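Here are a few exercises to help you get to know a new structure. Try each one yourself before reading its solution.

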Amino acid sequence: MNIFQFHDENNANEGISWYNIQGPIGFSTADILLFVRTGPSSGISVSVYPSDEAREASSEARNEFQKQQSQYISDISSLEGDVEVKHLK
């Protein structure tokens, strides 16, 4: 999970738009990519991977993503953990 703070609302729009297109390409091993906008210039992304190996394989893409997004983002906080509940309808 990543907690994003963008510079402003316009940067959030641009960054989220970019992630909507590039996320599935760069994080192709993820089972789920979810982004929740929590405010005009903030959001939370949740990525669910089928295994630790798949998650670790995406670390290079994550580093590249953060580098490319640095023009839009003022702060990112990351958390990792095991999925305890996964319900899709």
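**Exercise 1.** Find the nonpolar patch on the surface of this predicted model, and say where Leu79 lies.

*Solution.* Start with the patch: Met1, Ile3 and Leu79 form it, and together they have about 260 Å² of accessible area. Next, place Leu79, which lies in the segment after strand S4 (73-78). Finally, look at how Leu79 is covered: its relative accessible area is 49%. Exposed would require over 50% and buried under 20%, so Leu79 counts as partly exposed.

**Exercise 2.** Which residues make up the largest nonpolar core, and which elements give two or more residues to this core?

*Solution.* First, list the members, twelve residues in all: Phe4, Phe6, Ala12, Ile16, Tyr19, Phe27, Ala30, Tyr49, Ala54, Phe65, Tyr72 and Ile73. Then turn to the elements: strand S1 (2-6) and helix H1 (9-26) are those that give two or more residues to this core. H1 provides the largest share, three residues. As background, nonpolar side chains tend to be buried together in soluble globular proteins.

**Exercise 3.** Starting from Ala12, trace the contacts to Ser41 and onward, leaving aside residues up to four places away in sequence.

*Solution.* Begin at Ala12, which touches Phe6, Arg37, Pro40 and Ser41. Now step to Ser41, found in the loop between strand S2 (32-39) and strand S3 (42-48). From there, Ser41 is in contact with Phe4, Gln5, Phe6, Asp8, Glu9 and Ala12. To finish, pick out Gln5: its side chain is joined to that of Ser41 by a polar contact of 2.9 Å.

Definitions and conventions: Residues are numbered from 1 along each chain as its sequence is written. This is a predicted model: local features need pLDDT of at least 70, side-chain atom pairs count only at pLDDT 80 or more; totals for chains, interfaces and linings use all residues. Side-chain values use heavy atoms; hydrogens and water are left out. Patches are made of residues with over 30% relative accessible area and no salt bridge: like charges are joined within 9 Å, nonpolar side chains (Val, Leu, Ile, Met, Phe, Trp, Tyr) within 5 Å. Accessible areas come from the Shrake-Rupley method with a 1.4 Å probe; for residues, only the protein chains shown count as cover. A salt bridge is a side-chain nitrogen of Lys or Arg within 4 Å of a carboxyl oxygen of Asp or Glu. Helices (H or I, at least four residues) and strands (E, at least two) are DSSP runs, numbered from the N terminus. Buried means under 20% relative accessible area, exposed over 50%, partly exposed in between (1.4 Å probe, protein chains only). A nonpolar core is a set of buried Ala, Val, Leu, Ile, Met, Phe, Trp, Tyr and Cys residues joined through side-chain atoms within 4.5 Å. Contact means heavy atoms within 4.5 Å. A polar contact is a pair of N or O atoms within 3.5 Å; within protein, one must be able to donate a hydrogen and the other to accept it, and residues adjacent in sequence count only if both atoms are side-chain atoms.
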